[in-house]
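Student: I'm new to this structure and would like a close look at just one part of it. Could you pick a strand and walk me through what surrounds it?

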Amino acid sequence: MTDRTQLYIDGSWTDGASEIENRNPSDTSDLIGMYAQADAGQLDAALAAARRAQPAWWVAGIQKRHDVLMAIGTELMARAEEIGRMLSREEGKPLAEGKGEVYRAGQFFTYYAAECLRQHGDLAESVRPGIEIDVRREAVGVVAIISPWNFPVATPAWKIAPALAFGNAVVWKPANVTPASAIALTEIIARQDIPKGLFNLVAGPGRDVGQRLVEGGQVDAISFTGSVPVGRGIAAAAVQNMTKVQMEMGSKNPLIVMDDADLDLAVTHAAGSAFGGTGQKCTAASRLIVHSSLHDAFVEKLVAAAKALKVGHALEDGTQIGPVVSESQLNQNLEYIETGKGEGAELLCGGERLEMATQGYYQAPAVFANTRNDMRINREEMFGPITAVQKVDSYEEALSVANDSQFGLTAGIMTTSLARASHFRANMRAGTVMVNLPTAGTDYHVPFGGRGASSFGPREQGTYAAEFYTTVKTAYVSAGEPA
């Protein structure tokens with residue numbers, strides 16, 4: 001790893017117009033570095049460079065694109081421990097999760113390397129004699145990618161890889177909270193034999209760089225992962241320019257635990273879904289909907305599991321939950337704890353800020369009980385190690401409560417009934433449903449996305465990504481009669 005902290009624009013590393021501080025959330029005395037921030041002029045230069053480079057990348061062909069993506073993915077997987085350690089240092093997730101994320105990012109690139117060679121079109125018969133029809137996919141053009149801090153390598157990877165695989169140029173605005181991860185991925189991409197300006201890293205404040213990126217009309221598509229309010233603003237701006245959009249936003253994922261569930265397995269999956277990654281996952285289970293016959297035993301075991309989790313420095317052996325990513329995120333989490341108590345929910349454990357050997361943003365995993373679905377802690381995405389249990393008396397009530405949300409990203413059920421599992425799969429209004437599994441944890445070769453306020457636009461991942469990163473062209477050819 002280098003100590004590079006710059007922007008990458010038009011094939012060159014360059015200083016920013018300003019800098020931001022990057023500190024370790026496990027130990028705030030650890031200054032990771034000062035990282036460059038772009039201004040409007042640098043963003044415009046990146047956009048112009050991408051526009052120039054994209055045609056050359058398209059005509060380079062599928063074998064070239066395959067080879068480049070394969071090289072990126074192979075290096076990411078080979079360096080998963082090294083880059084994962086840096087990721088955990090700046091984001092706060094335990095080292096095992098950091099390494100796993102980088103390895104998964106590599107898998108996205110190798111998967112889409114193969115997709116370069118699997119691109120197919122369609123032939124169709126015309127209703128008119130003497131005319132041939134073919135349908136093919138072409139690159140959409142210049143893609144803006146706006147990615148979050150909670151998966152600072154994996155999420156951009158599942159956007160950048162298909163963008164490049166299908167022949168597009170990229171302008172990437174990463175989250176300012178995790179700039180070192182963005183640098184690490186960019187360094188690997190920048191070393192490849194690609195057209196100058198094809199890939200650009202333009203970090204900067206949302207009010208300047210982000211807003212100009214989505215409102216300026218200089219990109220053909222925008223792929224965004226982040227909050228609902230920001231997503232709605234992007235969609236409103238994009239429609240003014242007729243820009244294609246793909247957005248993954250908020251969630252409030254339910255996990256139903258039925259009376260016939262394996263109790264210990266249900267507790268294991270609930271704790272993992274709620275508290276893994278410090279609860280900072282869009283797929284986290286923050287609503288646990290539990291049948292009354294199992295409720296008391298489930299809650300007792302869940303509280304014991306939460307208390308047993310080891311909270312600590314992300315790079316320490318044995319740490320199961322690292323710190324929250326930032327002070328502002330911790331303060332928001334603490335406010336939700338007070339909100340829940342104020343609404344009448346019973347805080348059974350956790351929620352408080354923890355003092356550790358190093359000064360960081362540590363919080364004890366929190367379990368609320370006796371909650372209702374109209375409480376804010378069951379309506380709003382909290383994005384922290386906080387979960388809320390609701391008691392229900394039947395499967396029908398559980399499904400109704402689970403579907404009573406503006407969100408619809410992931411949802412799960414714990415049951416041994418095939419009939420209930422099948423009905424849940426068909427009637428749960430979510431983009432991803434799990435049966436006897438955690439709500440968090442998805443594969444990289446199949447589509448990912450939600451319904452309602454969780455997602456907007458075509459799905460991400462797998463072959464479904466082609467719907468966003470390409471445009472379809474139908475060609476009619478009349479060859480005439482041979483001489």
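Tutor: Before we start, one bit of vocabulary: two strands count as paired if DSSP finds at least two bridges between them. Also keep in mind that this is a predicted model.

Let's take strand β7, which covers residues 142-146. With that cut-off in hand, look at its partners. β7 pairs with strand β8 (residues 169-173) in the parallel sense, over five bridges. If you want a place to put your finger, Val142 stands opposite Ala169 in β8. β7 also pairs with strand β10 (residues 221-225), again in the parallel sense, and here there are four bridges. In that pairing, Ala144 sits opposite Ile222 of β10.

How do you get from β7 to β8? Helix α5 (residues 154-165) joins in, and β7, α5 and β8 together make a right-handed β-α-β unit.

Now for the side chains. In a regular strand, side chains alternate between the two faces of the sheet. You can follow that here: Val142, Ala144 and Ile146 point one way from β7, while Val143 and Ile145 point the other way. Whichever way they point, all of them are buried. Put differently, β7 is mostly covered, with five of its five residues buried.

That leads us to the packing in the wider chain. Nonpolar side chains in soluble globular proteins tend to be buried together. The largest nonpolar core here has 84 residues, and those that touch the most other members are Leu69, Leu76, Phe109, Ile160, Val171, Trp172 and Ile222. You've already met Ile222, as the residue in β10 opposite Ala144. As for where this core comes from, helix α4 (residues 95-117) gives the most to it, with eight residues.

Phe109 is a good one to zoom in on. Not counting residues up to four places away in sequence, it touches Leu69, Ile72, Gly73, Leu76, Ala157, Ile160, Ala161, Leu185 and Ile189. There is also a second, separate core of 26 residues, and Leu288, Leu302, Ala306 and Val367 are among them.

While we're on covered places, try Ser181, which lies in helix α6 (residues 179-190). Ser181 counts as buried because its relative accessibility is 0%. Apart from neighbours within four places in sequence, Ser181 is in contact with Met86, Leu87, Glu90, Pro152 and Val153.

Finally, step back so you can place β7 in the whole. The protein chain has 14 helices and 24 strands. Its radius of gyration is 24 Å, close to the 23 Å that the globule rule gives for 483 residues, so the chain is as compact as a globular protein of that length. Along the principal axes, the C-alpha atoms fill a box of roughly 85 × 60 × 40 Å. Of the 483 residues, 56% count as buried. Plenty of what you see links distant parts of the sequence, too: among contacts between residues at least 6 apart, 73% join residues at least 24 apart. As for the outside, the accessible surface comes to about 19,200 Å², and 50% of it belongs to carbon and sulfur atoms.

So when you go back to the 3D view, start from β7, with β8 paired over five bridges and β10 over four.

Definitions and conventions:
Residues are numbered from 1 along each chain as its sequence is written. This is a predicted model: local features need pLDDT of at least 70, side-chain atom pairs count only at pLDDT 80 or more; totals for chains, interfaces and linings use all residues. Side-chain values use heavy atoms; hydrogens and water are left out. Buried means under 20% relative accessible area, exposed over 50%, partly exposed in between (1.4 Å probe, protein chains only). Helices (H or I, at least four residues) and strands (E, at least two) are DSSP runs, numbered from the N terminus. A crossover is right-handed if, with the strands pointing away from the viewer, the path from the first strand over the helix to the second runs clockwise. A nonpolar core is a set of buried Ala, Val, Leu, Ile, Met, Phe, Trp, Tyr and Cys residues joined through side-chain atoms within 4.5 Å. Contact means heavy atoms within 4.5 Å. The radius of gyration is taken over C-alpha atoms; the globule rule is 2.2 Å times the number of residues to the power 0.38. Accessible areas come from the Shrake-Rupley method with a 1.4 Å probe; for residues, only the protein chains shown count as cover.
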